[in-house]
Amino acid sequence: VSGATQGQSEVFSIITSEDSQPPDSSFWMTNSGRIGLGTNSVDEKLHIQTSSANCRIRLETGDGYDVGILGYQASTQKLGLIYDDSEDVVTFSYGATTNNHFVIDATGSIGLGTKAPAVGLTIYNGGDLVANRQNLTLQTSQNTASLGIAFRNSGGAYTWNIYRADAGSNNASLRIAGGTYNDTIEDLTDYVTFLHTGEVGI
């Protein structure tokens with residue numbers, strides 16, 4: 001354990017052996033209250049650095065309790081990343097942790113606005129029409145590019161594609177394409193086309 005002056009910063013460090021020098025395997029505290037683990041170039045309130053191993057943070061509690069990270073701004077909660085023991089889900093939320101903005105359960109299913117997603121992806125409208133949480137929006141930066149939802153089988157081949165096309169002049173059509181054992185999505189055949197005028201072609 002030592003106190004030292006490094007440049008203009010008074011520092012306090014704990015090192016692992018008599019021959020070690022900070023920042024080797026050390027706890028490093030600057031005069032501004034920043035803490036470094038394994039580094040003396042402390043850029044944040046807590047800076048953890050290693051060059052020879054994985055860098056992880058472990059939070060652990062007993063069975064039956066929640067565990068996670070909360071972020072506050074001026075005493076108001078803005079961020080929550082929590083394992084909810086009672087629901088057996090991981091939640092990521094803006095604001096209070098009860099918002100359930102993004103949820104992953106033990107099966108890997110994802111819920112937006114719900115802690116009880118069905119298998120796959122569930123978007124739940126809890127009555128907040130302003131937030132439009134019941135919508136799934138796909139947006140592209142290039143109107144000439146297609147945009148949609150593609151389906152692949154267990155072997156990785158494309159079988160169906162529901163996509164928007166011909167949006168260059170705001171006259172986008174919606175198409176349903178299909179086929180079997182297609183290596184690329186472009187190999188699918190357009191079966192149904194819905195024009196922006198409401199006309200349908202098969």
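Modeller: Let's start with a term we'll need: two strands pair if DSSP finds at least two bridges between them. Keep in mind as well that this is a predicted model.

Biologist: Happy to. Then what makes E7 and E8 a pair?

Modeller: The bridge count. E7 and E8 are joined over 6 bridges, in the antiparallel sense. The rule asks for at least two, so E7 and E8 qualify as paired. For a position to look at, find Ile82, which stands opposite Thr91 in E8.

Biologist: What has a positive phi in the turn of that hairpin?

Modeller: Asp88, with a phi of about 55 degrees, in a hairpin that has 4 residues between E7 and E8. Asp88 is a residue other than glycine, and its place is the loop between E7 and strand E8 (89-94).

Biologist: And why is Asp88 called partly exposed?

Modeller: Its relative accessible area is 39%. Buried means under 20% and exposed over 50%, so a value in between makes Asp88 partly exposed.

Biologist: Ser75 has a positive phi too. Why does Ser75 count as exposed?

Modeller: Ser75 has a relative accessibility of 70%, and the cut-off for exposed is over 50%, so Ser75 passes. You will find Ser75 in the loop between strand E6 (67-73) and strand E7 (76-84). Its phi is about 70 degrees, although Ser75 is not a glycine.

Biologist: Back to E8. Which residues make up its covered face, and which the uncovered one?

Modeller: Val89, Thr91 and Ser93 are on the covered face, while Val90, Phe92 and Tyr94 are on the uncovered one. Phe92 also has a bridge partner in E9, namely Phe102.

Biologist: How do you know that E8 and E9 pair?

Modeller: There are 4 bridges between E8 and strand E9 (residues 102-105), and the two run antiparallel. At least two are needed, so E8 and E9 count as a pair.

Biologist: Now the other sheet I had in view. What is the order of its strands?

Modeller: It is an open sheet of 5 strands, E12-E13-E14-E15-E16, with antiparallel pairing.

Biologist: What makes E12 and E16 edge strands?

Modeller: E12 and strand E16 (200-201) each pair on one side only.

Biologist: And what joins E13 to its neighbours, E12 and E14?

Modeller: E12 and E13 run antiparallel and share 6 bridges, and E13 pairs with strand E14 (residues 173-182) over 7 bridges, again antiparallel. Tyr163 makes a nice landmark: it is the bridge partner of Gly148, and its own partner in E14 is Arg175. In the hairpin of E12 and E13, with 5 residues between the strands, Gly156 takes a positive phi near 95 degrees.

Biologist: Why is Ser173 called buried?

Modeller: Ser173, in strand E14, has a relative accessible area of 2%, and buried means under 20%, so the label fits.

Biologist: How many aromatic pairs are there?

Modeller: The count comes to 1. Trp160 and Tyr191 form it, in an edge-to-face arrangement, at 5.9 Å centre to centre with 70 degrees between the planes. The limit for the centres is 6.5 Å and edge-to-face needs over 60 degrees, so the pair meets both conditions. Trp160 lies in E13 and Tyr191 in strand E15 (residues 189-194), so the pair ties together parts that are 31 residues apart in sequence.

Biologist: Are the two residues buried or exposed?

Modeller: Partly exposed: Trp160 has 42% relative accessibility and Tyr191 has 38%. On the strand itself, Trp160 stands opposite Gly178 in E14.

Biologist: How do you know that Arg152 lies over the face of Tyr158?

Modeller: Arg152 is 4.7 Å from the ring centre of Tyr158. The distance limit is 6 Å, so that part of the rule is satisfied.

Biologist: Last one: what lines the largest pocket?

Modeller: Ser146, Leu147, Gly148, Asn161, Tyr163, Ala177, Ile185, Glu186, Leu188 and Asp190. They divide into 5 nonpolar, 3 polar and 2 charged, and Gly148 counts as polar by the rule used, so it falls among the polar ones. Strands E12 (147-152) and E13 (158-165) each supply at least two lining residues. The volume of this pocket is about 190 Å³.

Methods:
Residues numbered from 1 in each chain as written. Predicted model: local features only at pLDDT ≥ 70, side-chain atom pairs only at ≥ 80, totals over all residues. Heavy atoms only, no water. 1 Å grid on protein atoms, 1.4 Å probe; cavity = no way out; pocket = protein on both sides within 12 Å on 5 of 7 lines; lining within 4 Å. Points joined across faces, edges and corners; volume = space filled by probe spheres on them. Phe/Tyr/Trp six-rings, centres within 6.5 Å; stacked < 30°, edge-to-face > 60°. Buried < 20%, exposed > 50% of the residue type's maximum accessible area, 1.4 Å probe, protein only. Lys NZ or Arg CZ within 6 Å of the ring centre and 35° of its normal.
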